[in-house]
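Hello,

Here is the structure I promised to pass on to you. Have a look at it first, and then read my notes below.

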Amino acid sequence: MALRNAVLAALLEGEASGYDLAKEFDASVANFWMATPQQLYRELERMTSEGLIEARLVRQDRRPNKRVFSLTAAGRGALRAFTAAPPKPTAIRDELLVKVQSVDAGDDAAVRAAIAERLEWARAKLARYERLRARLLDGRTEDEFLARAERVGPYLTLMRGRSFEEENIRWAERALDILERRAAARPS
């Protein structure tokens, strides 16, 4: 998948500046697609020149002027074509898992510390996703939200992000338990 598809999907929420898109990527899209602000701005320029999005200048009195981007008909068509194509299988490429695979010949304490760090990272991301879910639901039950929501895609991807981090937490806790019991059982 190309960054452009994630940008097109993000612009379904409506017109946004590059700064707004970068914030949205960090808050919601980051559970399935990572991009730096620099990558995002370069892609916005390419997409504008290809006619997938259009930009308009918004003049501001007390701040620098900004450009806001919106989908064009061609961008909506590209998004439609993207959603119709079969997705590529996901492959896990995770340096931590290579370290875990090598723990028996490596630095056990360093690997445990890396897993503990991943555990805290997953807990923090899950907490952020829970806050985002609470904002989306806005006091409604999930069923009430889904019955009235104009778009369900962002909620479905949020559910996947939550599930992913919940599983990361379960795995990290179990892996730490195993490695700590193993370290305690070793003769000194």
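Let me start with one residue, R162, which sits in helix α8. Please keep in mind that this is a predicted model.

Is R162 buried or exposed? Its relative accessible area is 16%, and since buried means under 20%, R162 counts as buried. Leaving aside residues up to four places away in sequence, R162 touches L126, Y129, E130 and R133.

Now for the helices themselves. Helix α6 covers residues 108-137, and helix α8 covers residues 153-185. Their axes come within 8 Å and cross at roughly 155 degrees. Angles over 145 degrees count as roughly antiparallel, so α6 is roughly antiparallel to α8. The crossing in which α6 passes α8 is left-handed. As for the residues in the contact of α6 with α8, 19 are nonpolar, 2 are polar and 11 are charged.

A second residue to find in helix α8 is D177. With a relative accessible area of 33%, D177 is partly exposed. You could also look for L52: its C-alpha atom is separated from that of D177 by 50 Å, and the two residues are 125 residues apart along the chain.

Finally, a word on annotation. An unreviewed UniProt entry carries the annotation "domain: Transcription regulator PadR C-terminal" for residues 92-180. In the model, that span is 81% helix and 0% strand, and its end C-alpha atoms lie 25 Å apart.

Happy exploring, and best wishes

Note on methods. Residues are numbered from 1 along each chain as its sequence is written. This is a predicted model: local features need pLDDT of at least 70, side-chain atom pairs count only at pLDDT 80 or more; totals for chains, interfaces and linings use all residues. Side-chain values use heavy atoms; hydrogens and water are left out. Axes are lines fitted to C-alpha atoms, for helices over the stretch in contact, and angles run from 0 to 180 degrees between N-to-C directions. Helices (H or I, at least four residues) and strands (E, at least two) are DSSP runs, numbered from the N terminus. Angles under 35 degrees count as roughly parallel, over 145 as roughly antiparallel, 65 to 115 as roughly perpendicular and the rest as oblique. A crossing is left-handed if the near helix is turned anticlockwise from the far one by less than a right angle, and right-handed if clockwise. Ala, Val, Leu, Ile, Met, Phe, Trp, Tyr, Cys and Pro count as nonpolar, Asp, Glu, Lys and Arg as charged, and the others, Gly among them, as polar. UniProt positions are given in the numbering used here, feature names are shortened, and annotations may be inferred rather than shown by experiment. Buried means under 20% relative accessible area, exposed over 50%, partly exposed in between (1.4 Å probe, protein chains only). Contact means heavy atoms within 4.5 Å.
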